[in-house]
Amino acid sequence: MGRVGVLLLNLGGPERPQDVRPFLYNLFSDPEILRLPAPWLQAPLAWLISTLRFQKSRKNYQKIGGGSPLRQITEAQALALQRRLQTQEQSIKVYVGMRYWHPFTQEAISQIKRDNIERLVILPLYPQFSISTSGSSFRELERLWQEDPQLQDIQYTVVPSWYHNPTYIRAMAALIEKTMAQVDDPQNVHVFFSAHGVPVSYVEEAGDPYQREIEGCAQLIMQALKRSNPYTLAYQSRVGPVEWLQPYTNEAIQELADQGTKELVVVPISFVSEHIETLEEIDIEYREVALEAGIKTFARVPAPDTDPVFIQALEEIVTQSLEEPPTFFSETVRPQKSVKLYPQERWTWGITTSAEVWNGRLAMLGLVAVLVEVWMGLGPFHLLGFM
Ligand SMILES: C=CC1=C(C)c2cc3[nH]c(cc4nc(cc5[nH]c(cc1n2)c(C)c5CCC(=O)O)C(CCC(=O)O)=C4C)c(C)c3C=C
Ligand SMILES: [Fe+2]
Ligand SMILES: [Fe+2]
């Protein structure tokens, strides 16, 4: 076997407060995150959303120390995996490629080229596939492969998703079990899975298998737990005006509290590392929702990070994919058609969602007009003498 590498893919996160805005710009510039009918709208809309959102987002990052720990944890996972994969005959190097912040996927690929890697396993650190996460990184890599003939000499294989790996399921069950042992009534505590959401249109129109895989994953973990505790699956981190997968985490917590649930063990199911969505959104925002609603215990299961059983699962996935026939980018799920970004309900008067959408559309038109005017020096503001 020639020189072997593993490329771990992840989202990336701002490391300092001043990174938040450019990070959000990169995120919303991605057509797999913000799917638009016209590609020329992508950059101005990404600029607009990142400008409108960054202060709120930066405040949330301040609550967890000013930046995301994602890079540090992902690099620790890479090192732990590399140690497990090293044998006397074979030295395997593990790289990290982030989609929206350093170290960018492109930086990892440049290093892979410099190291003359001949076989490469491309492993997203998302157990379940979504066109907005693993799919987006695969599209980026596919583009790099098409542009660079040197990359075409690398025999690569991708792992589209691995939520069903029995060792990963075992690692999750053990982490849950440990947290359950700390609550007052482990026999009856409610197991609450919280997954990052996606817009419903991704699943229903674009063919994203994400919801199916998340549901399958929660079932496998519950089977591995071998307990009859009640459980719920809900979706967090909704962004923008469209409908996302339901139930929403905050509403589901409220509903359980209304039904008399007193103890929750909260499992972040779509993340394998701690970051803003676990440390801020779950630990601060949802905890507050729960306690205010009357829940007495809100015990959060830690993300696997560098848990040895979890790293063993990653090792197994890499070893298996080196033994199996390769999977190419072209075989992974890609969006079936452009999905609707806006709610489809009819116009109604008042402060309604459709009014917000039309405000947004008009603001967008205005913004584009200003950009065109600034760029070309022609338009209503020049005619009126404002510019
Ligand atoms: C399975 C994981 C994830 C899915 C699916 C996903 C979809 C998705 N995300 C956004 C918008 C944002 N995500 C943000 C942060 C963020 N998202 C994920 C994972 C998934 N996203 C992670 C791991 C992180 C944290 C990165 C870090 O800082 O450590 C953010 C930024 C934070 C904020 O401002 O709230 C946004 C925005 C969309 C629109 C989307 C699907 C279309
Ligand atoms: Fe996200
Ligand atoms: Fe969030």
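1. Helices and strands here are DSSP runs, of at least four residues for a helix and at least two for a strand, numbered from the N terminus. The model is predicted. By that assignment, helix H2 (42-63) and helix H10 (276-293) each supply at least two residues of the shell around ligand 1.

2. On the chain overall: the protein chain has 13 helices and eight strands. Of its 387 residues, 39% are buried. Taking contacts between residues at least 6 apart in sequence, 78% join residues at least 24 apart.

3. On the ligand: 21 residues surround ligand 1, and the closest are Gly13, Ser57, Ser68, His196 and His275. By residue type, the shell consists of 10 nonpolar, nine polar and two charged residues. Both domain 1 (4-163 + 307-331) and domain 2 (166-300) contribute to the shell around ligand 1, with at least three residues from each.

4. On the annotation: an unreviewed UniProt entry lists His196 and Glu277 under "binding site". These two positions are spread over 82 residues of sequence, yet they cluster in space, with a largest C-alpha distance of 8.1 Å.

5. On His196: this residue lies in strand E5 (residues 190-196). His196 has 25 C-beta neighbours inside 10 Å and therefore counts as buried, the threshold being 20 or more. Setting aside residues up to four places away in sequence, His196 touches Gln236, Ser237, Ser270 and Glu277.

6. On Glu277: this residue is placed in helix H10, one of the helices that supply the shell around ligand 1. Glu277 is buried because 23 other C-beta atoms lie within 10 Å. Apart from neighbours within four places in sequence, the contacts of Glu277 are His196, Gln236, Ser237, Phe271 and Ile282. Gln236 and Ser237 thus appear in the contacts of His196 and in those of Glu277.

7. On the geometry of helix H3: this helix covers residues 70-85, which is 16 residues. At 1.5 Å a residue the expected span is 22 Å, and the end C-alpha atoms are 22 Å apart, so the two values agree. The expected span is taken as 1.5 Å times one less than the number of residues.

8. On the packing of helix H3: its buried residues are Leu70, Arg71, Ile73, Thr74, Gln77, Ala78, Ala80, Leu81 and Leu85. Those buried residues pack against strand E1 (4-10), strand E2 (92-98) and helix H11 (308-323).

Conventions:
Residues are numbered from 1 along each chain as its sequence is written. Chains are lettered from A and ligands numbered from 1 in the order in which they are written. This is a predicted model: local features need pLDDT of at least 70, side-chain atom pairs count only at pLDDT 80 or more; totals for chains, interfaces and linings use all residues. A residue is buried if 20 or more other C-beta atoms lie within 10 Å of its own, exposed if 12 or fewer, and partly exposed in between; C-beta atoms are placed from the backbone. Two residues are in contact if their C-beta atoms, placed from the backbone, lie within 7 Å. A residue is near a molecule or strand if its C-beta atom, placed from the backbone, lies within 6 Å of it. Ala, Val, Leu, Ile, Met, Phe, Trp, Tyr, Cys and Pro count as nonpolar, Asp, Glu, Lys and Arg as charged, and the others, Gly among them, as polar. Domain bounds come from an automatic or database domain assignment. UniProt positions are given in the numbering used here, feature names are shortened, and annotations may be inferred rather than shown by experiment.
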